[in-house]
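Got your viewer open? Here is a walk through one chain, stop by stop, with something to select at each.

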Amino acid sequence: MNIQDLLRKDMMIMDLQATTKEAAIDEMIDNLVVHGVVTDFAAFKDGIMNREAQTSTGLGDGIAMPHSKNAAVKEAAVLFAKSVKGLDYVSLDGQPTDLFFMIAAPERANDTHLAALAQLSKYLLKDGFADQLRTASTPDQVLAIFDAASEKTEVSPVIAPQDADEFLVAVTACTTGIAHTYMAEEALKKTAAGMGLAIKVETNGASGVGNKLTADDIAKAKGVIIAADKAVDMARFDGKPLINRPVADGIKKPKELIHTILDGKADIYHAKEGKQVQREEKLTAGQAFYKHLMSGVSQMLPFVIGGGIMIALAFLIDNAMGVPQDSLGNLGSYHELASMFMRLGQAAFGFMLPVFAGYVAYSIAEKPGLVSGFVAGAIASSGLAYGKIAFAAGGEATLGLAGVSSGFLGALVGGFIAGYVVLAIKKFIPVPRSLEGAKSILILPLLGVLLTGAIMLAVNIPMAAINTALNDFLTGLSGSSAVLLGLLVGGMMAVDMGGPVNKAAYVFGTGTLAATVGNGGSVVMAAVMAGGMVPPIAVFIATLLFKDKFTKEERDGGLTNIIMGLSFITEGAIPFAAADPARAIPSFIAGSALAGALIGLSGIKLMAPHGGIFVIALTSNPLLYILYVLIGALVSGLIFGALRKSK
């Protein structure tokens, strides 16, 4: 397979409208969704943004290659986009970016796809290739440029090592193993050939290790260059001069890396048994918190969605089949079929908090943090605690370990405690060299569980009190308090449509669902989903009622947005918000906040965390719920259309 097989001309954007990095990413992802390549905008964007948080995919020279190997990708594809004016993509060279290749690879991509994607990386390093793309004005011209480059492609000569003083070895690797890995390989090989040096480059890509270095290669080499953003096998380089840099340096600074080895400025690497070297990400406290939180949430959501919908179906089955008045306390478990759905749902839901806390800890401390995080989440769920705790029912105090769950909040705190406890153990508790191999499988899990558990038994007491108070408040929501909370979370869903504010509201909604699904669902979750459905539907209404203010392409996008809005895919409205934020975003917030407030006023509950129109039966009042969403969308659409300038 050639790269041309993945470069679909129907998806190319020859005049990218975005003026900021995130808006450009959103515009490209939206096009992938519209063409059926990506099935979940939010999931794919999370993958893209997580990659950007590690190292910008703005490679310099006006080129950016955002990429993600993601479960939301239906088929491998490359989207080409060109910005006429260029934009600030926070590129490695600090210059504007005007050529974009968004790479979407399925989570289980085969080697053929990945080889084609690696091929793209090498084309972009060819002299004059990018300039030819800048002159292209149609998708056919873009493909013709690639076809011409394919015919001229030459295989890089393999230079056999004759003298260790003139031979180097290198390893390249990026977190997804799609683009940067192979661009760094090509840059190092090209630079070395120009300097008259022999080099062998091992790639740690998504399809596995390519061109693997042998013990003989390493022994003959004058030094080792590591250009990697993830852990690679380091122990084999013990005793060799070695320089360890980000993969971006392999692309942009290959000559500097090579000269560091040749000039004898590289340190001698001393391996520790069983230990690998990995570059730490440079994140602010806020970025780190968000990254770890989203890691836990992304792993937790399938359990919440699967378990929540199963429990909701149990209630629907009992309601449909009828339950005697004196047995309403067993609603959801009265009939055998309903009881089966209830038990399956509860089994999935039972993993929610341990999985959430476990993967927060995993994000912080990697595998050694996983077991401690799971234990912290289980303690939060079960309510284990020191001393006396008054049970909510009856106010009776009991000695010892009491079962007042600290819920989602307790699991959140527990995940961070577990992760940082394990990091502290790794840093401050030395072990003899002979026990280094047992550290990760014995010492870290044992001490991690012990210390995390001891801390959580204390933390659970205040967290249980906070969680109980919050649940009581949510259960008793009515009147003005329900309206205000619905207005707040509904409006938040439209602020950045998939960004941190939107995610904060959604995470809060799923947290309330965990505590209320057994009682008919959550008003907050209902307001959150309604707030997220409004902006795309509002776009459809605005393009329908104010046709003279939108281009034909925008009106076509409006038709797509009705499907996205009904499916609770808020991100469909992003291209419109990015193109006209001053008018679009306030309009969307107004309608989303109104829909959330109306749902809070009526006390409508929802028992599922996602699905839009497909889970409408799981609301406590489906018809009224749809009406409120449409009212909010109509208000947003009218405001947006009225404020929009005519084309």
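At roughly what angle do the axes of α18 and helix α19 cross? Select residues 552-566 for α19 and residues 523-545 for α18. Their axes cross at roughly 145 degrees and come within 7 Å. Bear in mind as you look that this is a predicted model.

**Stop 1: α18 against α19**

The crossing here is left-handed. Show side chains next: on α18, pick M533, P536, I537, V539, F540 and T543. Across from them on α19 are E554, R555, G558, L559, N561, I562, M564, G565 and L566. Colour this contact by class and you get 9 nonpolar, 4 polar and 2 charged residues.

**Stop 2: α18 against α21**

Keep α18 on screen and add residues 581-602, which is helix α21. The angle for this pair is about 145 degrees, and the axes are 8 Å apart. This time α18 passes its partner in a right-handed crossing. From α18, the contact uses V523, A526, A527, A530, G531, V534, P535, A538 and V539. From α21, select F588, G591, S592, A595, G596, I599 and G600. By class, the contact of α18 with α21 has 11 nonpolar and 5 polar residues, with no charged ones.

**Stop 3: the cores**

Now for the inside. The largest nonpolar core holds 74 residues, and F356 and Y625 have the most contacts within it. Which helix gives the most to this core? That's α18, with 12 residues. Centre on F356 and look for the residues it touches beyond its sequence neighbours: L293, G296, V297, M300, F408, A411 and L412.

A second core, separate from that one, has 43 residues; try selecting V73, L87, F576 and A584, which are among them.

**Stop 4: along α10**

Pull up residues 285-321, helix α10, and find H292. Is H292 buried or exposed? It counts as buried because its relative accessibility is 7%, under the 20% cut-off. Leaving out residues up to four places away in sequence, H292 touches V360, S363, I364, F416 and Y420.

Slide along to L313, also in α10. L313 counts as partly exposed, because its relative accessibility is 29%. Beyond its sequence neighbours, L313 touches F341 and L618. Try a distance label too: from L313 to G345 is 9.1 Å, C-alpha to C-alpha, with their positions 32 residues apart in sequence.

**Stop 5: two backbone oddities**

Most residues other than glycine have a negative phi. V90 has a positive one, about 55 degrees, although it is not a glycine. You'll find V90 in the loop between β4 (77-87) and β5 (97-106). V90 counts as exposed because its relative accessibility is 52%.

Then jump to F568, in the loop between α19 and α20 (574-579). F568 also has a positive phi, about 65 degrees. Is F568 buried or exposed? At 5% relative accessibility, F568 counts as buried.

**Last stop: zoom out**

Show the whole chain as a cartoon and you can look for 22 helices and 13 strands. Of its 647 residues, 52% are buried. Switch on the surface: the accessible area is about 27,600 Å², and carbon and sulfur atoms account for 60% of it. Finally, among contacts with a separation of 6 or more, 71% join residues 24 or more positions apart.

Definitions and conventions
Residues numbered from 1 in each chain as written. Predicted model: local features only at pLDDT ≥ 70, side-chain atom pairs only at ≥ 80, totals over all residues. Heavy atoms only, no water. Axes fitted to C-alpha atoms, helices over the stretch in contact; angles between N-to-C directions. Helix = DSSP H or I, 4+ residues; strand = E, 2+ residues; numbered from the N terminus. Left-handed = near helix turned anticlockwise from the far one by under 90°. Contact = heavy atoms within 4.5 Å. Nonpolar A, V, L, I, M, F, W, Y, C, P; charged D, E, K, R; others polar. Buried < 20%, exposed > 50% of the residue type's maximum accessible area, 1.4 Å probe, protein only. Areas by Shrake-Rupley, 256 points an atom, 1.4 Å probe, with all protein chains shown as cover. Core = buried A, V, L, I, M, F, W, Y, C linked by side-chain atoms within 4.5 Å.
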